[in-house]
There are 2 protein chains.
Amino acid sequence: MHNNDHSGHGDQSGHGEQSTPSDAPVERRGLSRRALLGLGIAGAGVVGAGVGVAADRLLVQPAVAASGAAGVYPFYGEHQSGIVTAAQDRLHFAAFDVADISRDELVELLQDWTVAAARMTQGGSAGEFGPASGPYDAPPDDTGEALDLPAAGLTITFGFGPTLFQTADGTDRFGLASRRPPALIELPHFPADALVDTLTGGDLCVQACSDDPQVAVHAIRNLSRIAFGRASVRWSQLGFGRTSSTTRAQTTPRNLFGFKDGTANLKAEDTAQVTDHVWAHPDDGAAWMAGGSYLVSRKIRMTIETWDRQSLREQETLIGRTKGEGGPLSGGTEFHEPDFATTGRDDAPLIDADSHLSVAHPDHNDGAVILRRGYNFVDGNDDLGRLNAGLFFICFQRDPATQFVPIQLNLAKNDRMNEYIRHVGSGIFAVPPGASEGGYIGSGLFEGR
Amino acid sequence: MHNNDHSGHGDQSGHGEQSTPSDAPVERRGLSRRALLGLGIAGAGVVGAGVGVAADRLLVQPAVAASGAAGVYPFYGEHQSGIVTAAQDRLHFAAFDVADISRDELVELLQDWTVAAARMTQGGSAGEFGPASGPYDAPPDDTGEALDLPAAGLTITFGFGPTLFQTADGTDRFGLASRRPPALIELPHFPADALVDTLTGGDLCVQACSDDPQVAVHAIRNLSRIAFGRASVRWSQLGFGRTSSTTRAQTTPRNLFGFKDGTANLKAEDTAQVTDHVWAHPDDGAAWMAGGSYLVSRKIRMTIETWDRQSLREQETLIGRTKGEGGPLSGGTEFHEPDFATTGRDDAPLIDADSHLSVAHPDHNDGAVILRRGYNFVDGNDDLGRLNAGLFFICFQRDPATQFVPIQLNLAKNDRMNEYIRHVGSGIFAVPPGASEGGYIGSGLFEGR
């Protein structure tokens, strides 16, 4: 619990946080019996023979990080990785519905996920290839598509949705209703929300980030496989081209409007800010969440074809920044503080009051800040040939009710950019603190105070 | 026309084919008047003023290749790049329907696409930021999301579908029916085909490959923007984790069944094979296609949840190779030739006759070979929580009727892997030869013999 190495203070490449296999032991505990049964692994499999390959040839050791891009982040620690960790380039995010299982079975699922996630983030396979029951007549405990790939900075971050604590009709499925953190609110309906039920909500979430999409996909797929019969994917999202720099060493990437996004983002180096605005505190109403955070996700479809037909002037006016450099329209380069007071021709402010920059700025949201960690997405095209594309917004914060919600209410009411976006998916999740070795993610919810 | 540097003989990183800006001039010709009108660019725009930014600050020069991953491939040449080019890691592929436009307007579209593609592949923007009509009161001629990114090995490859030459009802829309290459057949219905109309066909195709998905997406988006009013996206596909090594220097990647894919693939170094089996020849029935090739795409959905529940023995038997090493079940490592004759217990061959390896092997397809260049895909999940995932298969060949078609007929009838896959999309396109500088892609179709 005292290992704070994963707090994301590393450089852009992840070098600062690399571990070698020798100091990053991989949890070797096997899957629960339930998982093995769920996967159809019989107890008395026949050991395969005949083709002359060693039975354990697929027992994969963690890959040694070969380069910066192949960084390895710790899995165990005070906080989960993937929050203040320098944002990786690719995302696979999944929300799960939990099946009609018992509280003990839910705990077993979290234990199984913890074991597999700890292995995969260190560059290992999700599980061993079933030596207990014979390697051939059981399904492999890893699907294989990442066998030759390094961890590539993989982090796996778990969260709990409101419905895990209490369903809409008030059912306390797992005896957790009294343990629900006050900060895990239901998000209000925001003006112009166009949420699609099948893209919204979820009892559990898993955020897998890596610099290699095949590694992120492999992680979600194997966690989904392990959950078979206990939880199933409700919705999932692939993303690329992160839209925020979470550390100062990262250059600001661009969203699909073509603008730099996340310039004014809270940075992992701002230790005091992170402590105040990202991590849950013991006295926030749910002691078991201390060191955790709250994740809000929004799938924001952009009508990019319409956007692309707006003049450069209009685009820059709406955003409040220049498109090339990303400097505020009040002058200066990207990291110049915007000046909302100075006026130009016709005494109009140089930065429109209803520009995205102005409406989203902490100065106009009672100082509220969030740690953004979103990604661009393109999900093919719709029936009209328009790209189904946009921003998969993710943010972390200590208290959504006083951070994301007022900012989004303000944006939904006043941001002129709304003409070009539509919020189609939404999620809120309590992201518990990190697990200690031998423990499991979320243990405090079930066992703690 | 004598520049053959882009034939893919480079190393894995693309170093072998890098060009610097000085030897890779970017075509500076502007877009056609039609394109400008289509984009809503007025002829008498007012030059923006007031925020003190130089009007041409967004006129982007080609990025200098900063590293191997930021390689630049030539656009002009005897062949189009993106065929025997070392396969990049990411794909955005789009099929377009052409609107009710004239033959001249179709030519203009191809000219506009050529200009933009030549710029983008050299690391430039798709177009200049509208200096002809004022930079501010016109939409930018580039959408911006790749402004800071290098080319990252971007190639853009264009193709013509059968319906461009003649529609299903026999209409010769553009006076091209007599120019249709005999090799551009309609694909037959294969056993168990489950093709979805909205994922199949197209008058034009564009394959954008890059090591950065944002760069590939940017290319398709801008070509789609430029085509506005003239052609629209019929279907599109993002892919990652290429499933073939097109050069010997590339390690064999894995498909989402977790197996190495493309081991026995035709390689770019096999000059004689490439000449015989990939490039169209002048006497193949359409002289204008000489130096071009024929692209077949198949969107193959994998039922990976079912696959993941099969034993390792069953998986390896179906594929005919070991999962870890990828060696044939007749023994040896990955590149050992499979031995289909040797039998094991019960006198059964070590490699099942209906395994994928056996059925797809040239020995069992009259020597037919193809140049594979496919990618894995995950398009989120379906309503049952199953990952909507699989293989976006792409292959190039001189004559689909004697290469892809017999191989696929054999596979569709005999490959046991069919239990776990479903072909849901399909396309066939004539990929014309490369353009020379000042020319445009497909000029031979309209102007040549």
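**Close-ups of a predicted two-chain model**

**View 1. Where chain A and chain B touch.** In this interface, 69 residues of chain A are in contact with 68 residues of chain B. Keep in mind that this is a predicted model. Put together, chain A and chain B bury about 5,300 Å² between them, and carbon and sulfur atoms account for 55% of that area.

**View 2. Polar and charged pairs across the interface.** Go looking for salt bridges between chain A and chain B and the rule turns up four. One to zoom in on pairs the side chains of B:D308 and A:R221, with 2.8 Å from N to O. What about polar contacts between chain A and chain B, and how many residue pairs make them? The rule finds 18 such pairs across this interface, with both residues at pLDDT 80 or more.

**View 3. Chain A's side of the interface, element by element.** Two strands to pick out first are β1 (90–98) and β4 (231–242) of chain A, both among the elements that give two or more residues to the side touching chain B. That list also includes the helices α4 (213–226), α6 (304–307) and α7 (312–319), plus strand β7 (375–381), again of chain A. Which element gives the most to this side? That's β4(A), with seven residues. Sorted by type, the residues on the side of chain A that touches chain B come out as 29 nonpolar, 21 polar and 19 charged.

**View 4. Two cysteines of chain A without a disulfide.** Search the whole structure, over all chains, and you get zero disulfides. A:C205 is in none, and the nearest cysteine sulfur to its own belongs to A:C209, 11 Å away. Turn it around and A:C209 is likewise in no disulfide, with the sulfur of A:C205 as its nearest, at 11 Å. A disulfide would need the two sulfur atoms within 2.5 Å, so at 11 Å this pair doesn't qualify. Are these two cysteines buried or exposed? A:C205 is buried, at a relative accessible area of 1%, and A:C209 is buried too, at 0%.

**View 5. A glutamine in helix α9 of chain B.** Here the focus is B:Q408, which sits in helix α9 (residues 404–414) of chain B. With a relative accessibility of 7%, B:Q408 counts as buried, because the cut-off for that is under 20%. Which residues does B:Q408 contact once its neighbours within four places in sequence are left aside? They are B:F190 and B:H423.

Note on methods. Residues are numbered from 1 along each chain as its sequence is written. Chains are lettered from A and ligands numbered from 1 in the order in which they are written. This is a predicted model: local features need pLDDT of at least 70, side-chain atom pairs count only at pLDDT 80 or more; totals for chains, interfaces and linings use all residues. Side-chain values use heavy atoms; hydrogens and water are left out. Contact means heavy atoms within 4.5 Å. Buried area is the accessible area (1.4 Å probe) that two parts lose on being put together, summed over both. A polar contact is a pair of N or O atoms within 3.5 Å; within protein, one must be able to donate a hydrogen and the other to accept it, and residues adjacent in sequence count only if both atoms are side-chain atoms. Helices (H or I, at least four residues) and strands (E, at least two) are DSSP runs, numbered from the N terminus. Ala, Val, Leu, Ile, Met, Phe, Trp, Tyr, Cys and Pro count as nonpolar, Asp, Glu, Lys and Arg as charged, and the others, Gly among them, as polar. Buried means under 20% relative accessible area, exposed over 50%, partly exposed in between (1.4 Å probe, protein chains only).
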